[in-house]
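Colleague: Please take a close look at the salt bridges in this model, and then at the helices around them. I would like one connected account rather than a list.

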Amino acid sequence: MTKLMVFIDGTWLYSNLRHLAKESNQPNFHIDYGALPHAVREQIERQSGLTGLQVVRTFFFGSYPVNYDVVDEDRARKRKDFFRMLREDYHYEVEAYPIDYADRRILQDDREADDTFSPREKCVDIALASAMMYFAAIPGAFDIAVAVVGDKDYFPMFQRVRNLGKRIAVASIRQSCAKVYSDRQDEKRIKDFHIIWLNDMVDRIAWVPEESLVECKSPLHEGNREVLTTMRLREGQPFFCDSCRAKFAEQKAEQMAEFTASASLAGHRGEEEGEGGEGDQHNEGIVDAIIPDRGFGFIKRRDGASFFFHLTHLTNADWGTVNVGDLARFTITKMPQGGKAGAAGEVTIVESAAGNGRSAGNLTRR
Ligand SMILES: [Zn+2]
């Protein structure tokens with residue numbers, strides 16, 4: 001058996017999707033990540049005449065925002081849902097690193113025109129290089145490494161991996177590929193196959209969205225609750241339609257300003273979270289207040305620290321079923337500060353205190 005490992009520079013791929021979108025004439029082009037590793041494998045088989053290649057693992061290296069303007073929470077959440085989908089649906093190994101937005105909007109177009117801030121991604125290329133080098137050094141881990149990349153920085157690593165007797169294939173995008181990879185003469189001696197152009201396989205790797213009718217669980221929803229969506233839902237994850245999500249974003253921004261620390265912890269959190277993986281520590285606490293008609297509540301951790309959460313933060317329960325006294329596990333997006341509550345990110349109800357009933361809770365200053 002000839003073993004293939006696929007290493008994807010997710011940040012590069014993501015920022016060059018528009019070229020594939022153009023190629024495929026679909027402005028909403030998305031990649032089918034289940035198909036991608038196998039589409040690349042087929043290309044190698046076709047080129048080389050090798051048969052029986054097996055993709056034994058696929059790695060995806062990317063980043064996610066931290067410390068951003070809360071208005072963008074939905075956008076940040078989608079990134080995490082995407083990584084989760086890669087892990088759960090396709091068994092990718094995902095390595096993601098935080099990018100500190102210093103309390104700003106995530107998209108440049110949403111920032112002030114004279115704001116010179118530019119978010120800095122860290123670790124992604126080194127993480128990819130380290131992983132490929134590491135597995136190349138482990139006997140029998142793989143025979144062929146497929147790098148889905150475009151940046152020039154990787155070529156010294158490819159040389160080293162080839163020195164270990166491994167074969168390298170590069171898959172890239174024509175409009176964003178360093179010359180060193182497309183060079184037919186391969187002067188740097190970095191590859192064992194012709195370059196594979198994702199441009200030429202857009203139909204094979206396009207994700208075809210499937211629409212389904214789902215019930216919007218938002219208490220703010222107007223009209224028929226059954227909505228057509230292409231969104232992929234995890235089991236137990238409540239669905240909210242686009243217009244309810246927009247309303248939530250406004251509501252949340254107001255509530256966060258009212259109840260949680262307004263000063264950001266810029267410069268600190270990013271580093272604390274920088275240990276690789278998703279970085280969020282899991283915390284446990286008891287739901288100790290719920291304001292049912294305004295769609296938010298508070299969780300108290302054992303050390304007494306209090307955290308604001310909104311109904312959209314729930315990962316496995318409907319707002320109507322959450323009770324005071326429930327045991328919840330949650331991630332933190334803001335630490336409590338200056339006597340104000342912190343803010344939770346994702347909230348998972350671990351144990352229900354059903355029977356205690358819902359109570360309006362006490363809205364004293366925290
Ligand atoms: Zn709705």
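Modeller: R302 and E284 form a salt bridge in this predicted model, with their closest N and O atoms 3.8 Å apart. R302 sits in the loop between strand 10 and strand 11 (306-310), while E284 belongs to strand 9, so the bridge ties together parts 18 residues apart in sequence. R302 counts as exposed, at 72% relative accessibility. E284 counts as partly exposed, because its relative accessibility is 25% and the partly exposed class runs from 20% to 50%.

Salt bridges with shared partners also join R77, D81, R84 and E346 into one network. Over the whole structure, the search finds 20 salt bridges.

Another of these pairs is E42 with R204, where the closest N and O atoms are 2.7 Å apart. This pair links distant parts of the chain, with E42 in helix 3 (residues 36-48) and R204 in helix 8 (residues 202-205), 162 residues apart. E42 is partly exposed, with a relative accessible area of 22%, and R204 is partly exposed as well, at 36%.

E258 and R294 form a salt bridge too, and here the closest N and O atoms are 3.5 Å apart. E258 lies in helix 9 (residues 242-259), and R294 lies in the loop between strand 9 (283-291) and strand 10 (296-301), so that distant parts of the chain, 36 residues apart, are linked. The relative accessible area of E258 is 35%, which makes this residue partly exposed. R294 is partly exposed at 34%.

Now to the helices, starting with the one that holds part of the network. Helix 4 covers residues 73-90, and R77, D81 and R84 are among its buried residues. The others on that buried list are E73, A76, K80, F83, M85 and L86. An α-helix has 3.6 residues a turn, so residues three or four places apart point the same way. The buried residues of helix 4 pack against strand 2 (53-66), strand 3 (93-100), helix 9 and strand 13 (342-351). Helix 4 has 18 residues and reaches 25 Å from its first C-alpha to its last, close to the 26 Å expected at 1.5 Å a residue. Just after helix 4, H91 takes a positive phi of about 60°.

Helix 5 (residues 124-137) can be treated in the same manner. Its 14 residues should span 20 Å at 1.5 Å a residue, and the end C-alpha atoms are 20 Å apart, which agrees. V124, A127, L128, A129, A131, M132, F135 and A136 are buried in helix 5.

The axes of helix 5 and helix 6 (residues 155-163) come within 10 Å and cross at roughly 5°. That makes helix 5 roughly parallel to helix 6, because angles under 35 degrees count as roughly parallel. On the helix 5 side of the contact are L128, A129, M132, M133 and A136, which meet M157, F158, R160 and V161 of helix 6. The residues of this contact divide into 8 nonpolar, no polar and 1 charged. L128, A129, M132 and A136 of this contact are also on the buried list of helix 5.

Notes:
Residues numbered from 1 in each chain as written. Predicted model: local features only at pLDDT ≥ 70, side-chain atom pairs only at ≥ 80, totals over all residues. Heavy atoms only, no water. Salt bridge = Lys/Arg side-chain N within 4 Å of Asp/Glu carboxyl O. Helix = DSSP H or I, 4+ residues; strand = E, 2+ residues; numbered from the N terminus. Buried < 20%, exposed > 50% of the residue type's maximum accessible area, 1.4 Å probe, protein only. Axes fitted to C-alpha atoms, helices over the stretch in contact; angles between N-to-C directions. Parallel < 35°, antiparallel > 145°, perpendicular 65-115°, else oblique. Contact = heavy atoms within 4.5 Å. Nonpolar A, V, L, I, M, F, W, Y, C, P; charged D, E, K, R; others polar. Expected span 1.5 Å × (residues − 1).
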